[in-house]
Amino acid sequence: MATPSGLVRALHRGTLAQNTVVDRIFSGIQPTGMPHLGNYLGAIQNWVNLQEECSSVLYSIMDMHSLTMPKEPAVLRQNILDTTAAILACGIDPKKCFLFRQSLVPKHAELAWILGCLTNVPRLLRLPQWKMKRASQNNEGTVGLLTYPVLQAADILLYKSTHVPVGEDQVLHLELAQDIAQHFNKKYGEFFPVPKAILSTTKKIKSLRDPTVKMSKSDPQKLATVNIADSPDEIVLKFRKAVTDFTSEVTYDPASRPGVSNLVSIHAAVTGLSIEEVLQQSAGLDTAHYKMVVAESVIQKFAPIRNEIKKLQEDKPHLIKVLEDGAEKAKELAAPIYQEIRRLVGFQ
């Protein structure tokens, strides 16, 4: 992975550094259903912090992006509502941010076409996500799968966003958005701010069954991924079955002890403790007992969230209204920006 130059890395446990000037934050999440532990610790928890620290924040349910991987319409509709319920339950507040569904703002797609006409195909073909996901589609791949990074750039630039919270696996896509913004500015005059990254300091959460890969909802092993709505019994089972090694001591050494180190990272992230503090508290425990300590920490963290998710899922009209209201606000914000883009490119 290339190291991004000039990107904002200054975060401390998901908060912006005091000397970081932020005008507008944009980020999104695909509606794949109930988020998992890695989604929460790597993104959603950071979203909650950022909405408190910046006056202009947009979070989008990226339903257009979700079409790059085939889904049944009924499943997608339910996933949109479940994802919305989950992030609201985690603390996202529509009064402090714009929370909306991407497809309700058609200008995302319209701007993507304009930006796509400024983007060369070889650049898209080099992106690792294209190569990886194309392989899952029998090495064929759709036009949407190839060009969705351009839509990502449009998502960001439509609002003249200055900062984007991203995981390390999305840095190359943000670099593409930066390049597109610079190309547009060179061709039509200075217009878009070049968006910078906000990288979370939370350690990447790994699969409980294979700690060499990140936790994923698409993992075929059901015990590999902890969902935020899992019951306490399910959480205990998954941690009990978590892969570690033959050494019983609790230590942090990701290179030689990835399984135990992943548990330590999870424990630190859900409790707010440092790695060193977690190790001090766990001195004398063997890994079997330590797994249950981590499981209990996760259960306590997710208990109120799980209860709130259930309440929200029972109020479908409320979830729909939140997304529609947010979309109206997003449209209002995007309208003058897009009108100027139309003028610049010669549409009017």
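**Exercise 1. Is Thr-147 buried, partly exposed or exposed?**

Solution. Start with the ground rules. This is a predicted model, where local features need pLDDT of at least 70, side-chain atom pairs count only at pLDDT 80 or more, and totals for chains, interfaces and linings use all residues. Residues are numbered from 1 along each chain as its sequence is written, and side-chain values use heavy atoms, with hydrogens and water left out.

Step 1: apply the cut-offs. Buried means under 20% relative accessible area, exposed means over 50%, and partly exposed lies in between (1.4 Å probe, protein chains only).

Step 2: read the value. Thr-147 has 30% relative accessibility, so Thr-147 counts as partly exposed.

Step 3: place the residue. Thr-147 sits in helix α7, residues 143–157. Helices here are DSSP runs of H or I with at least four residues, strands are E runs of at least two, and both are numbered from the N terminus.

Step 4: add a distance. From Thr-147 to Glu-234 the C-alpha separation is 38 Å, with their positions 87 residues apart in sequence.

**Exercise 2. Describe the overall build of the chain.**

Solution. Step 1: count elements. The chain has 13 helices and seven strands.

Step 2: test compactness. The radius of gyration is 21 Å, close to the 20 Å that the globule rule gives for 348 residues, so the chain is as compact as a globular protein of that length. The radius is taken over C-alpha atoms, and the rule is 2.2 Å times the number of residues to the power 0.38.

Step 3: take the dimensions. The C-alpha trace spans about 70 × 45 × 45 Å along its principal axes.

Step 4: check burial and contacts. Of the 348 residues, 49% count as buried. Take the contacts between residues at least 6 apart in sequence: 75% join residues at least 24 apart. Contact means heavy atoms within 4.5 Å.

**Exercise 3. Map the nonpolar cores.**

Solution. Step 1: define the set. A nonpolar core is a set of buried Ala, Val, Leu, Ile, Met, Phe, Trp, Tyr and Cys residues joined through side-chain atoms within 4.5 Å.

Step 2: find the hubs. The largest core holds 58 residues, and Leu-37, Leu-99, Ile-228, Phe-239, Ile-266 and Val-298 touch the most other members.

Step 3: name the main contributor. Helix α12 (residues 287–313) gives the most to this core, with nine residues.

Step 4: look around one hub. Setting aside neighbours within four places in sequence, Ile-228 has contacts that include Met-34, Leu-37, Ala-86, Phe-302 and Ile-309.

Step 5: look for another core. A second, separate core has 45 residues, among them Ile-114, Leu-115, Leu-145 and Ala-197.

**Exercise 4. Work out the setting of Ala-112.**

Solution. Step 1: locate the residue. Ala-112 is part of helix α4, residues 107–116.

Step 2: classify. Its relative accessible area is 14%, so Ala-112 is buried.

Step 3: list partners. Not counting residues up to four places away in sequence, Ala-112 touches Val-150, Leu-151 and Ala-154.

Step 4: compare with a remote position. Leu-323 is 211 residues from Ala-112 along the chain, and their C-alpha atoms are separated by 21 Å.

**Exercise 5. Classify three loop residues.**

Solution. Step 1: take Cys-54. Cys-54 lies in the loop between α1 (37–53) and β4 (57–61). A relative accessible area of 7% makes Cys-54 buried. Arg-24 is 30 residues away along the chain, and the C-alpha atoms of the pair are separated by 7.3 Å.

Step 2: take Gly-141. Gly-141 is in the loop between α6 (128–135) and α7. At 25% relative accessibility, Gly-141 is partly exposed.

Step 3: take Lys-160. Lys-160 belongs to the loop between α7 and β6 (163–166). With a relative accessible area of 28%, Lys-160 is partly exposed. Its phi is positive, about 50 degrees, although Lys-160 is not a glycine.
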